[in-house]
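Please put together a briefing on this protein model for a first-year student. Keep it brisk, and group the points by topic.

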Amino acid sequence: DGLNEYFDLSDFDVNTIKIYNRYGKIVYSKDNGYTKEWYGQADNGNILPDATYFYAVTSNSGETKTGWVYVTQ
């Protein structure tokens, strides 16, 4: 449907993002600025399976926020 296709954090001045699977393994990360590049892919470009993933984002001011996102393709 074209909605929620990317994890859009463009309004939050994000410097670093790390996406973890349920076992705590980093499956995606981006440093030095992030807006909306993650759409459910791993660092190698492969689409991740449907699941709950956990994120840690750090803003340019140094503040870190954590949470979760459910990915379904």
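N32 is exposed, because its relative accessibility is 70% and the exposed class starts over 50%. This residue belongs to the loop between β2 and β3. The model is a predicted one.

**Positive phi angles**

- Most residues other than glycine have a negative phi.
- N32 is not a glycine, yet its phi is positive, at about 65°.
- D13 also has a positive phi, near 50°, and is not a glycine.
- D13 sits in the segment before β1.
- With a relative accessible area of 46%, D13 is partly exposed.

**The nonpolar core**

- In soluble globular proteins, nonpolar side chains tend to be buried together.
- The largest nonpolar core here has 15 residues.
- F7, L9, I17, I19, Y34, W38 and Y53 have the most contacts inside this core.
- Four elements give two or more residues to the core: β1 (14–20), β2 (26–30), β3 (51–59) and β4 (64–71).
- β1 provides the largest share, three residues.
- What does I17 touch, leaving out residues up to four places away in sequence? The partners of I17 are F7, L9, Y28, S29, K30, Y34, A56 and V57.

**The loop between β1 and β2**

- N21 lies in the loop between β1 and β2.
- Is N21 buried or exposed? N21 is buried, because its relative accessibility of 17% falls under the 20% limit.
- The side chain of N21 reaches the backbone nitrogen of Y23 at a distance of 2.9 Å.
- N21 is also in contact with V27, Y53 and F54, when neighbours within four places in sequence are set aside.
- Y23 is found in the loop between β1 and β2.
- Y23 is exposed, with a relative accessible area of 65%.
- The side chains of Y23 and R22 are joined by a polar contact of 2.8 Å.
- Y23 and F54 are 31 residues apart along the chain, and 9.9 Å separates their C-alpha atoms.

**A nonpolar patch on the surface**

- Which residues form a nonpolar patch on the surface? They are Y6, Y39 and I47.
- Together these three residues have about 310 Å² of accessible area.
- Y6 is placed in the segment before β1.
- Y6 is partly exposed, because its relative accessible area of 44% lies between the 20% and 50% limits.

**Salt bridges**

- Side chains of opposite charge can pair when their charged atoms come close.
- How many salt bridges are there? The count comes to two.
- One salt bridge pairs E37 with K30, and their closest N and O atoms are 3.9 Å apart.
- E37 is partly exposed, at a relative accessible area of 29%.
- K30 counts as partly exposed too, at 26% relative accessibility.
- K30 is also one of the residues that I17 touches.
- Another salt bridge joins the side chains of K65 and E63, at 3.4 Å from N to O.
- K65 is partly exposed, with a relative accessibility of 47%.
- E63 is partly exposed as well, with a relative accessibility of 45%.

Notes:
Residues numbered from 1 in each chain as written. Predicted model: local features only at pLDDT ≥ 70, side-chain atom pairs only at ≥ 80, totals over all residues. Heavy atoms only, no water. Core = buried A, V, L, I, M, F, W, Y, C linked by side-chain atoms within 4.5 Å. Buried < 20%, exposed > 50% of the residue type's maximum accessible area, 1.4 Å probe, protein only. Contact = heavy atoms within 4.5 Å. Polar contact = N/O pair within 3.5 Å; in protein donor to acceptor, adjacent residues only side chain to side chain. Patch = residues over 30% accessible without salt bridge, like charges linked within 9 Å, V, L, I, M, F, W, Y side chains within 5 Å. Areas by Shrake-Rupley, 256 points an atom, 1.4 Å probe, with all protein chains shown as cover. Salt bridge = Lys/Arg side-chain N within 4 Å of Asp/Glu carboxyl O.
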